[in-house]
Amino acid sequence: MSAKIKRRTVAEDGDAGDDSVLTTLVSNGDDLGPLVRHSFQTARPEVLLQQLKNVMRKKEAEIEELCKLHYDEFILAVDELRGVLVDAEELKSELASDNFRLQEVGSALLSKLEVLLESFSIKKNVTEAIKMSRSCVQLLDLCVKCNNHISEGRFYHALKAVELIEKNYLQHSPVNTLKMLIEKRIPVIKSHIKKAVASEFNEWLVYIRISGKDIGQTAIGFAASARQRDKDMLARQKEAEEQSNLGVVDLSYTLEVEEIVEDFVLKFDLTPLYRAYQIHTCLGLQDQFREYYYKNRLLQLNSDLEISSAQPFLESHQAFLAQIAGYFIIEDRVLRTAGGLLVAHQVETMWETAISKVTLVLVEQFSNMDTASHLLLVKDYVTLLGSTLKQYGYEVGPILEILNNSREKYHELLLSECHQQVVDIVASDTFEQMQLKNEPEYQTNVLLFHLQTSDIMPAYPYFAPFSSMVPDCCRIVRSFIKDSISYLSYGGPMTFFDFVKTYLDKLLINVLNDVILNTIQSGITEVPRAMQMTANIAALERACDFFLQNAALQCCIPTRSVERPQGALTAKVLLKTSRDAAFIALLDLVNTKLDEYMALTVNLDWTPEDIAESENDYVNEIVIYLHGILSTAQQILPTDYVYKVGSGALEHISNSIVDAFLSDSVKRFNANLVIGFNNDLKALESFADESFHSTGLSEIYKEGSFQGFLIEARQLINLLLSNQPENFLNPVIREKSYNALDYKKVASICDKYKDSPDGLFGSLSRASSKQSPRKKSMDVLRRRLRDFN
């Protein structure tokens, strides 16, 4: 046997190397897959197969060796196996016996098991029936709840119940009949809910349109209250600033707590809208409802924008504008709270539609208005509309632009109305000093317009230096300022004082000043009226500063900014020109009256035989007249005008005396006449000095006097009464004593001076053969003046 093993070993020596590797892999239990794969990839499977056979033969040899080594143990194991077989037979016999007995016992139990299984089946069916019943009960219970919700109007809950039925119960319903019935009823239920909600929503559309006007009026009223509060606060602030500027310090402090006004727009009811939108959303019809809502509200807007021709716009404008305000307040609330029912661009489209229509309506209505108060009333409500809607984010610029474009027309209407008022006031004025009986009248007619000439309160009754037209015109101007500011404020430019000042100048120049000038130019035939007109214009000129300060105060700008000279009104200069025109008319009337008195000199005897002991009668009348004129002028005219009245009148008298000597009706005069004129002139000079001091002019014009305005007449009389009249030809003496006289006038007068003897003195004169030195000097003067001419 060993020889065989040796022969086999020798035969296999060629493959010993490869077989050892394969044997090692098999012994270790390694995976031979890679080796097999490699052999097939190299196309040498036969070599691998031979190697496997070699390994198998090696293993068989090893098993044979192992069996030879353990032969005895194997024999013992076989004997034991035979013993085990005997025991197995015995056990099998016992098992058959036990199985028989078990079959006998199991048959009874099997019948009972069948009964038990049948019971289990019945129980399962009953359980399933109970489960199906419970499902049907729950389904029917939901149906009952849905019906109750519908009957009570709780449509959202009803739809939720329907949705629950569809999702959780209907698909798993064990009863097909019930399932089919409910499936048929669900669309009917949804249709019923949709119709009910649509009906409720349509009723709400009617309600909300009716409520829109009340909502708008409430909102606009709130805006008006807020504006008034701001205005009052600003007025208090300006008053405090003015007191601070004046050095008045108020150390008392007050804490004002204003009641917080709740958001009034929350009071209108959007619940039906929310409900309708929610129901349509549940029905999957939200897009359809959005479109339906938008179209209906747009139709309502177009209807609201229509103006009724049956009612004047002045009466209907508040309702019209309030309806628009309410409409867009509602839409703003819907946009913010309805969860996507409206989008911003839809609201913007509606607003643009409203803006275009409202601007067209306002332009047309403003163009048809012919009363400033009507235009102001509409403008005020329009600005409140703009203020209200601006709080909700709407662009109100185009509406306010219409108001700015109507500014000129409004002021034209206002100026026209003021013009008629001023014309009526001036026409009805008596041009008499205004009598104020008590302090309230003084306050409302003088102090209110800063017309006082002194800070001392007068005694009553007090006669103001102006007539009633002055405070009446001041009230018109103040009212004009208020109306102008009312139009320019709230919606116009932030700083509108320059506009107010411009229109104020137009009022004072184109209205007040023109009416005054027309009155003056139309012919004032009475001196008191002319004097009162002059005083009235002077008072109005003083009031210009008040007008400007009042405008600044109402425009809420510091009054000190208008107190500078460059900030004064142009009208003040023109009123001064008108005052000068009135004063010239006054002087003309005074001179005309003086001419009437001076005309009496023509009736004098220019060659009297006797020397007059006193002045002529016309002088007394002139003195009385001028005394009255100066007394009145002192009461109502400025001091410089009193001076001009007195000086102008006396200068005119002086010229009239000289003109009387030059008159063609006077052929000759004698010394007695000159002496009479000397008496007249002394009386006038005495009156001039007395008036100059009594009027207080001497304290102002310390280097002048009224007497100086009689200088030409005085120098003429002095020359005619001079013992050496030929001294007039001496330049030094003439410059000192006769500088006011004209050569030609003196020559003409001297030619008429005939100091020849007449009457009582004629015989005495003829008795003297020689000429007096005075007459000789006069002849020399007369001759020399002829040569000069």
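This is a short tour of one predicted protein model, stop by stop.

**The whole chain**

Start with the full protein chain, shown as a cartoon. The secondary structure comes to 28 helices and two strands. Now colour by burial. Of the 789 residues, 38% count as buried. Switch on the surface. The chain exposes about 44,800 Å². Carbon and sulfur atoms supply 55% of that area. Next, think about contacts along the sequence. Take those between residues at least 6 apart: 80% of them join residues at least 24 apart.

**Stop 1: a patch on helix α5**

Select residues 71–151. This is helix α5. Now pick out L110, L113, L116, L117 and F120. What kind of surface patch do L110, L113, L116, L117 and F120 make? They make a nonpolar one, of about 460 Å². Click on L117 to check your place: this residue is in helix α5.

**Stop 2: a salt bridge in helix α5**

Stay in helix α5 and select D141 and K145. Show their side chains. The two meet in a salt bridge, at 3.7 Å from N to O. Both residues lie in helix α5, four residues apart. That spacing is about one turn of the helix. Are the two residues buried or exposed? D141 is partly exposed, with a relative accessible area of 38%. K145 is partly exposed too, at 42%.

Why can such side chains pair? Side chains of opposite charge can do so when their charged atoms come close.

**Stop 3: I189 in helix α7**

Select residues 176–245 for helix α7, then zoom in on I189, which is found there. I189 counts as buried because its relative accessibility is 16%, and the cut-off for buried is under 20%. Which residues does I189 touch, leaving aside neighbours within four places in sequence? They are C146, I150 and V162. Now add N147 to the view. In sequence, I189 and N147 are 42 residues apart. In space, their C-alpha atoms are 8.9 Å apart.

**Stop 4: two packed helices**

Select residues 271–282, helix α8, and residues 286–304, helix α9. Two packed helices are described by the angle between their axes and the distance between the axes. Here the angle is about 145°. The axes are 7 Å apart.

Show the side chains where the helices meet. From α8, select L273, A276, Y277, H280 and T281. From α9, select Q286, F289, R290 and Y293. How many residues of each class are in this contact? There are five nonpolar, three polar and one charged.

**Stop 5: F431, with a positive phi**

Go to F431. This residue sits in the loop between α14 (407–428) and β1 (435–436). Its phi is near 55°. That is a positive value in a residue other than glycine. F431 counts as buried, at 5% relative accessibility.

**Stop 6: the loop between α15 and β2**

Select the loop between α15 (439–445) and β2 (462–463). Find H450 in this loop. Its phi is near 60°, a positive value in a residue other than glycine. H450 counts as partly exposed, at 36% relative accessibility.

Then move along to P461, in this loop as well. What kind of peptide bond joins Y460 and P461? The bond is cis, with omega about 0°.

**Stop 7: a salt bridge in helix α16**

Select residues 469–488, helix α16. Show the side chains of R475 and D472. They meet in a salt bridge of 3.0 Å, N to O. The two residues are three apart in helix α16, about one turn. R475 is partly exposed, with a relative accessible area of 29%. D472 is partly exposed, also with a value of 29%.

**Stop 8: a salt bridge in helix α28**

Finish in helix α28, residues 773–788. Select R782 and D779. R782 forms a salt bridge with D779, and their closest N and O atoms are 2.6 Å apart. Both lie in this helix, three residues apart, or about one turn. Is R782 buried or exposed? R782 is buried, with a relative accessible area of 9%.

To end, zoom out to the full chain. The structure holds 20 salt bridges, including D141 with K145, R475 with D472 and R782 with D779.

Notes. Residues numbered from 1 in each chain as written. Predicted model: local features only at pLDDT ≥ 70, side-chain atom pairs only at ≥ 80, totals over all residues. Heavy atoms only, no water. Patch = residues over 30% accessible without salt bridge, like charges linked within 9 Å, V, L, I, M, F, W, Y side chains within 5 Å. Areas by Shrake-Rupley, 256 points an atom, 1.4 Å probe, with all protein chains shown as cover. Salt bridge = Lys/Arg side-chain N within 4 Å of Asp/Glu carboxyl O. Axes fitted to C-alpha atoms, helices over the stretch in contact; angles between N-to-C directions. Contact = heavy atoms within 4.5 Å. Nonpolar A, V, L, I, M, F, W, Y, C, P; charged D, E, K, R; others polar. Buried < 20%, exposed > 50% of the residue type's maximum accessible area, 1.4 Å probe, protein only.
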